[in-house]
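Please work through the exercises below with the coordinates open. Each task is followed by a solution set out in steps.

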Amino acid sequence: MKFHRMCLSLVPALMLAVGCSKNSTEPNEVEALSDSEQITIVATEVAQSNGGAMSDLNMVASNSEGNYGALGKSAGFDTTITKGWITYNLDLSFFTQQGIPQNRYVQGVTDKVVSVSSLAGNYTDPLGAITIGLKTGSNLTATGLKSGKATVNGSGTNTSSYSFAGNRRQLSLVAASSYSVSNVVIDLNGASYVPASGTLEGTAKGKFTVTSAQQTQEKDYAFTFTLTFNGNNQVTVTLPSGKQYTLNLMTGKFN
């Protein structure tokens, strides 16, 4: 089962970027998120190791191939599994190529799976520099399964809480983010479930609280980003400022 390849260790790289902004010279103002802080948020909300959007895609691909043990249940069956520190709640429905509902996944007959899922969990790294209160959900549809390549469309939300301790300031976030995936193609017979093509459009949004030597204040944030999948773990992320980073979809490391 390919799903066991999921790495559930948290990303050390998330510690590196946060806190790179200068302290505000105005005691009543909070600086906006820096580019390095923005890419840290993107990495956290996308990377598979953090329970990000890639976890949703990995799970729906695994379900589409019939590898997951609970697939032999009735359509829409609710099930819960735990991998490492992340708990997955799944509601699965299966259909033939003609759109006829099925009671279970049938290899060579099932052509569509609808996955409604939620992820939850709590993580603190050993040094206490990163904490995650994971709370996400998605509604994804994979079609064309009989061809051996699933085409995934759908959306997800993220209302997790995060805390990052940087050199200059501590950053705490409560997310109200969302993403959508369009025509994401995953080779079900490949070595991994890394998408070969398609796009992910994300809106990172919420509130962040900055704690520094001078002040503790809250500020809203919102920015968008787009990922274009290419069959490789590494993708390019362009931030609103125009700055580009290379992001590892599995580990969340970036540069």
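The exercises concern a predicted model and proceed from the whole chain to single residues.

**Exercise 1. The chain as a whole**

Determine how many helices and strands the protein chain has, and describe its burial and its contacts.

Solution. Step 1: the secondary structure comprises three helices and 13 strands. Step 2: of the 255 residues in the protein chain, 50% are buried. Step 3: among contacts with a separation of 6 or more, 59% join residues 24 or more positions apart. Step 4: the chain exposes about 11,100 Å², of which carbon and sulfur atoms supply 47%.

**Exercise 2. The nonpolar core and helix α3**

Identify the residues with the most contacts inside the largest nonpolar core, and compare the expected span of α3 with the distance between its end C-alpha atoms.

Solution. Step 1: the largest nonpolar core contains 62 residues, and V152, Y221, F223 and F225 have the most contacts inside it. Step 2: helix α3, residues 53-65, provides the largest share of this core, namely six residues. As a general rule, nonpolar side chains in soluble globular proteins tend to be buried together. Step 3: 13 of the 13 residues of α3 are buried, so the helix is mostly covered, burial being a relative accessible area under 20%. Step 4: at 1.5 Å a residue, the 13 residues of α3 should span 18 Å; the end C-alpha atoms are 19 Å apart, which agrees. Step 5: just after α3, G66 adopts a positive phi of about 80°.

**Exercise 3. V152 and N183**

List the residues that V152 touches beyond four places in sequence, then characterise N183 by its phi and its exposure.

Solution. Step 1: excluding residues up to four places away, V152 touches L57, V60, L140, T141, A142, V181, S182, N183, V184 and I186. Step 2: one of these, N183, is found in strand β9, residues 177-187. Step 3: phi of N183 is near 50°, a positive value in a residue other than glycine. Step 4: N183 has a relative accessible area of 49%; it is therefore partly exposed, since the exposed class begins over 50%.

**Exercise 4. Two residues of strand β4**

Classify S117 and N122 as buried or exposed, and state what each contacts.

Solution. Step 1: S117 is found in strand β4, and N122 is placed in that strand, residues 110-124. Step 2: the relative accessibility of S117 is 9%, so S117 counts as buried. Step 3: N122, with a relative accessible area of 65%, is exposed because this value is over 50%. Step 4: leaving aside neighbours within four places, S117 is in contact with D56, N89, L90, T136, G137 and S138. The side chains of S117 and S138 make a polar contact at 2.9 Å. Step 5: under the corresponding exclusion of residues up to four places away, N122 touches W85, I132 and G133. Step 6: N122 and K135 lie 13 residues apart along the chain, with 9.2 Å between their C-alpha atoms.

**Exercise 5. The hairpin of β12 and β13**

Establish how β12 and β13 run and how many bridges join them, and locate the positive phi in their hairpin.

Solution. Step 1: strand β12, residues 234-238, and strand β13, residues 244-248, run antiparallel and are joined by five bridges. Step 2: T236 has T246 of β13 as its bridge partner. Step 3: the hairpin has five residues between the strands, and G242 takes a positive phi near 100° there.

Methods
Residues numbered from 1 in each chain as written. Predicted model: local features only at pLDDT ≥ 70, side-chain atom pairs only at ≥ 80, totals over all residues. Heavy atoms only, no water. Core = buried A, V, L, I, M, F, W, Y, C linked by side-chain atoms within 4.5 Å. Buried < 20%, exposed > 50% of the residue type's maximum accessible area, 1.4 Å probe, protein only. Helix = DSSP H or I, 4+ residues; strand = E, 2+ residues; numbered from the N terminus. Contact = heavy atoms within 4.5 Å. Areas by Shrake-Rupley, 256 points an atom, 1.4 Å probe, with all protein chains shown as cover. Pairing = 2+ DSSP bridges. Polar contact = N/O pair within 3.5 Å; in protein donor to acceptor, adjacent residues only side chain to side chain. Expected span 1.5 Å × (residues − 1).
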